[in-house]
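Grab a pen and work through a few short exercises on the structure shown below. Each one sets a task and then walks through a solution.

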Amino acid sequence: MILIKGGKPGDVLVEGGTISKIGKVAARGAETLDAKGLLVVPGLIDLHVHLREPGREDKETIASGAAAAVAGGFTSVATMANSGIPCDSAVGVTYVLARAREANLANVFPVGAVSKGLKGEELAEMGKMADAGAVAFSDDGQPIMNAELMRRALEYSRMLEKPIISHCEDATLTRGAVMNEGPISAQLGLRGWPNAAEAAMAARDVYLAALTGGRLHLQHVSARETVDIVRRAKKMGIRVTAEATPHHLTLTDECLRGYESRYKMCPPLRTRADVDAVVEGVADGTIDAIATDHAPHTVEEKEQELAACPNGVVGLETALGVVLSIKEIPFERIIDALTAAPARILGLKSKGRLEAGADADITLIDPRAAWTVDSSAFRSRGRSTPFEGMKLVGRAVRVVVGGRVCS
Ligand SMILES: [Zn+2]
Ligand SMILES: [Zn+2]
């Protein structure tokens, strides 16, 4: 029994793995966590991370990723299928779940591949993976260029009631691209990836979702045109949800002027007009969730020159502080985008809520804690962050997962 006492919105009593009471609670014999001056919120959920195991444990393991998650206030993460050995079978799903149980930190939910070997040719065994515990399906890391394959995946998603998570990129428009296509890429002499490569694919996927009745979730929305597509699709009643990352909500392609690899990710950082549109999309709920796209690489890989280094940055340990700095999004919406919204998208019915009867996944936030991002202190094996040295206010200070204090 744990009593979280004196926080906002009230005391929270945890019995077993469940929240049993909220409000003014007196419980004799309970372990007490002092939450005076702290905000008590449902455990944060990141529906988009890359934990790299099995196959690229030099970049991250399920254990190091789960440790980074709780350090950042996340009690649950959904890990993409593009680990060194793709998660495209029931065995792969079972492996991730077993490693997560051993790590015994954040909950780790496996996302199965849409296609066998992530090759974009043949559908993977989605039904068997769903039975084994996959919460969603995605070939993230690369787009599904074959529209017919995407159509069939969405048909299955409707039957399985699990979303297809789409990395929207028309790869024929982005070959060799290093950054956003625009005036800055032209000045720097770097090959660009246009907004249209994302928006065109988002539009295709939205119409395929309409055609099939399947559940579609769009990842890392970065282009203003994509925000418009999602807004219109929702008005039309199409079953689409979307996410944005902390970096696309705060940084622009101006960051690339120093040719630094810590600003290279896919999709790339866009213009101020795009950032403003994505922020507005999160603020008005068009974009349901905030997700990190935590994508660790080894230091050696990221140290290569910009054109050669891999896409991706880490995000679990900076996300909360970064998004709390966005004044255009109300605090309640930020928390919803990090809790209830991802729980709804992934179908995690007893998570994302601070209510009696819900799972005891709880995050305690100190909204006044001032701190500076220092990647050398990360629990993640990845060190490449676009937020290095940034001064932030607001931080998760305690995390309870399944009724157990984890940090
Ligand atoms: Zn992606
Ligand atoms: Zn990703």
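A cavity is a set of grid points where a 1.4 Å probe fits but cannot get out, and its volume is the space filled by probe spheres set on the points. Keep in mind that this is a predicted model.

**Exercise 1: closed spaces**

Find the cavities of 30 Å³ or more and sort the residues that line them by class.

Solution. Start with the count: the structure holds 2 such cavities. The largest has a volume of about 40 Å³. Its lining includes P246, H247, T292 and F387. Sorted by class, that lining gives 6 nonpolar residues, 4 polar and no charged. Now take the second largest cavity, also listed at about 40 Å³. E53, T79, M80, A81, S83, C87, V96 and V111 form its lining, which splits into 5 nonpolar, 2 polar and 1 charged.

**Exercise 2: open spaces**

Describe the two largest pockets by volume and lining.

Solution. The largest pocket comes in at about 520 Å³. It has 32 lining residues, and N82, G141, C266, H297 and N311 sit nearest its centre. By class, they are 10 nonpolar, 15 polar and 7 charged. Next, the second largest pocket has a volume of about 220 Å³. Of its 16 lining residues, A71, E317, W371, F378 and R395 lie nearest the centre. The elements giving two or more residues to this lining are α10 (319-324), β16 (362-372) and β17 (391-401). β17 gives the most, with 3 residues. The class split here is 7 nonpolar, 5 polar and 4 charged.

**Exercise 3: a metal site**

Which residues coordinate the zinc ion (ligand 1), and where do they sit along the chain?

Solution. First, list the donors: D140 (OD), H167 (ND1) and H220 (NE2), at 2.0 to 2.1 Å. Their spacing along the chain reads D-x26-H-x52-H. The two histidines link distant parts of the chain: H167 is in the loop between β10 (164-166) and β11 (179-180), while H220 is in the loop between β13 (216-218) and α7 (224-235), 53 residues apart. Both H167 and H220 are buried. Finally, look at D140 again: this residue bridges the zinc ion (ligand 1) and the zinc ion (ligand 2), which lie 3.6 Å apart.

**Exercise 4: checking a helix**

Does the span of helix α6 agree or disagree with what its 18 residues should give?

Solution. Helix α6 runs over residues 195-212, and at 1.5 Å a residue it should span 26 Å. The expected span uses one less than the number of residues. The end C-alpha atoms are 26 Å apart, so the two agree. Among the buried residues of α6 are A197, M201, L208 and T212. Just after the helix, G213 takes a positive phi of about 75 degrees.

**Exercise 5: salt bridges, buried or exposed**

For three of the salt bridges, work out how accessible the partners are; under 20% relative accessible area counts as buried.

Solution. The structure holds 25 salt bridges. Take D205 and R204, whose closest N and O atoms are 2.9 Å apart. D205 is at 0%, so it is buried, and R204, at 18%, is buried as well. Next, E122 meets K116 at 3.0 Å, N to O. E122 is partly exposed at 46%, and K116 is partly exposed at 37%. Then R257 meets E254 at 2.8 Å. R257 is partly exposed at 37%, as is E254 at 42%. To finish, R56, D58, K59 and E301 are linked in a salt-bridge network.

Notes
Residues numbered from 1 in each chain as written. Chains lettered and ligands numbered in written order. Predicted model: local features only at pLDDT ≥ 70, side-chain atom pairs only at ≥ 80, totals over all residues. Heavy atoms only, no water. 1 Å grid on protein atoms, 1.4 Å probe; cavity = no way out; pocket = protein on both sides within 12 Å on 5 of 7 lines; lining within 4 Å. Nonpolar A, V, L, I, M, F, W, Y, C, P; charged D, E, K, R; others polar. Helix = DSSP H or I, 4+ residues; strand = E, 2+ residues; numbered from the N terminus. Buried < 20%, exposed > 50% of the residue type's maximum accessible area, 1.4 Å probe, protein only. Donors = N, O, S within 2.8 Å, 3.2 Å for Na, K, Ca; no water. Salt bridge = Lys/Arg side-chain N within 4 Å of Asp/Glu carboxyl O.
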